[in-house]
Amino acid sequence: MKLQVLLISVLLAQQLSAQSILPPISEWHGKSELLIAKTNNPWITPTEKTNFVTTPSYDETMSWLKKLADASPLLTIISIGKSPEGRDIFMIIASTEKTVTPAGLQQSGKPLLLVQAGIHSGEIDGKDAGMMLLRDIAFGNKKSLLDKVNLLFIPILSVDAHERFSAYNRPNQRGPENMGWRTNAQNLNLNRDYAKLDTREVRAVIKVMNEYDPLLYMDIHVTDGADYQYDITYALYENQGYSKSISNWLTSKFKTNVDRDLSANGHVPGEQLTPVNDRDFSQGNLLTIGEPRFSNAYGDLRHMATVLIETHSLKPYKQRVLGTYVLLESVLKILASDGQLLKQNTLSDRAKREPKVNMRWRVPQMANAMSLDSQFNSVKKNDLAKAPDSLKLLGITSKILKSAITNADYVTWTGEPTTMTVANFKGSEPIDFVNRPKAYYVPPTCTEVIERLKLHGIQMEIVKQPREVTVEMYRIQDVKFQNDGGKPLPFEGHMQVKGTPIPETRKQVFAAGSVYISTDQPLGDLAMLLLEPKSPDSFLSWGFFDQIFQRTEYIEAYVMEPMAKKMLEDSPELQKEFEKKKAEDKAFANDQNAILTWFYSKTKYYDERYLLYPVGRYL
């Protein structure tokens, strides 16, 4: 027993030590503290019991929620899937409707809100805030929140990672003491999986989207990185992205009302912040539209209002959870008053069929489009003058110090509030446009791709008989696999690949079992970004078509040598082309294999499907 007490004391001391290295903060109090249940409340949540020091385990969370649902006719709990380790992924349906099936909720005509917590299980604020709110809806004074709105709540998405909890998982975050892990049991980041759909967890969410068709989707996270005064931030695309009507609603209705309600309860709301230099805000802030691997970019692409919430990791857990509660309540009220307008805007976006669709976005002041998964490039001083606008930032003062360990500069935060005006770079310039085809043909050999397209909810027709059609197809040139200094660099379980798609028109026979995917459908834009090789999140980019990059038939030099000689004798034009290539490419000129392969590629014996992307664009 003494040993156990000693061990606990040591662990607590280490935790306090870890917290002590974080930047200083001021004591916080706000009106939202009135939301905390009294200690004698029979439905006090496990987190409230500990004064927001800890968060309940998966079993404790689900046990508490099941008891709440059993006691309230307003709540129904269902499993939407199983995790890799066999845990149920539960969803709570909060509604006054008697029938809470997908069809029943749709027939009610009420706006439907989908809230998801714990996609990164160390960032679990949404779970504990949702539990408090459901308690107050069921047995407090907030049942009226469901008068005009239905709610779907996923308390923990990454359930296996939630149970890999430790006091040492997120050293840059103030509480709770027991934090889950970032990636799932397969070491995959769920918020990089919305396009490729490798994981059971994200597949479960997409199934909910397809079956229930929520009007608004909220994905709740906790930040990493810089310090500032805001405690609740959110990422939304102001009048930008693929769903501009939805974006207008988020700017005019969501942002305006959420900011008002959070401020009235003692919180400091703001839009998501990312330092351009990945350190402080001296070179400005960066707002980007990410690839559809991310939840909010995916929602925008499928024309579903989506907001990614980031509570601030350096604020106390109590403050973050209470802010999230206020946010959720505010959104339910917004949908009750302005949800019908969002429905109209959503229908408008889903009806549009742009003739050209951009595959990527970039910051106009930066030469190349950047992935959010890449380190940010530093912005040159003269770029700051080119920033399209500026941002009044409620920041925290910082200092740049020289490290005695690395001899490099690093940032420290003083805890002192400051207001600054910084350059605000926006990654909202559309690039890499592709003409919208009438449809795509995908051959039956691409079973994995077809299955994932179905999982997304993309409509398709199965070809019953072989069909010969004239289509545009791509031959992929200049192929490069992701690497780091020449070494293979896997990312999220894949080796990403990119190349230059060269179009060619062909008569192609698509076998029975092929699928015909019209782009004249609400998810037509999504289909394009999944099937166009230029897209960073296409199935080709994720390595689902790597087989096209290998040659499987070869020819010996003793056959090719006399054949090449005769080809040159018969074609003066080929002779000129050969001499020109040798003159321009010295490596080629000195490589026997490359020369003979070049001649081989000019013959009818060469594999005409080599580097041919098997998906056809029907124009």
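1. Residues 3-8 have a pLDDT (the predictor's confidence in each residue, from 0 to 100) under 50, and the model gives them zero contacts (heavy atoms within 4.5 Å) beyond four places in sequence. Residues 374-385 also have a pLDDT below 50, but this stretch has 20 contacts beyond near neighbours in sequence. The chain as a whole averages a pLDDT of 93, with 93% of the residues at 70 or above.

2. This is a predicted model, in which local features need pLDDT of at least 70 and side-chain atom pairs count only at pLDDT 80 or more, while totals for chains, interfaces and linings use all residues. Residues are numbered from 1 along each chain as its sequence is written, and side-chain values use heavy atoms, with hydrogens and water left out.

3. The largest nonpolar core (buried Ala, Val, Leu, Ile, Met, Phe, Trp, Tyr and Cys residues joined through side-chain atoms within 4.5 Å) has 140 residues, and Leu-216, Phe-254 and Phe-599 have the most contacts inside it. Helix 10 gives the most to this core, twelve residues. Helices (H or I, at least four residues) and strands (E, at least two) are DSSP runs, numbered from the N terminus. Leaving aside residues up to four places away in sequence, Phe-254 touches Tyr-234, Leu-236, Trp-249, Val-307, Leu-327, Val-331 and Ile-334.

4. Leu-347 lies in helix 10 (residues 317-351). Leu-347 counts as exposed because its relative accessibility is 60%; the classes are buried under 20% relative accessible area, exposed over 50% and partly exposed in between, with a 1.4 Å probe and protein chains only. Leu-347 and Pro-522 are 175 residues apart in sequence, with their C-alpha atoms 9.1 Å apart.

5. Eight of the eight residues of helix 13 (residues 524-531) are buried. Those buried residues pack against helix 9, helix 12 (447-456) and strands 10 (356-362), 13 (429-435), 14 (439-442) and 20 (515-518).

6. On a 1 Å grid over the protein atoms alone, a cavity is a set of points where a 1.4 Å probe fits but cannot get out, and lining residues have an atom within 4 Å of a point. Grid points are joined across faces, edges and corners, and a volume is the space filled by probe spheres set on the points. The structure has three cavities of 30 Å³ or more; the largest has a volume of about 80 Å³. Among the residues lining the largest cavity are Leu-236, Ser-243, Asn-296 and Asp-300. Helix 8 (244-264), helix 9 (295-301) and strand 9 (305-311) each supply at least two lining residues, and helix 8 gives the most, with three.

Conventions:
1 Å grid on protein atoms, 1.4 Å probe; cavity = no way out; pocket = protein on both sides within 12 Å on 5 of 7 lines; lining within 4 Å.
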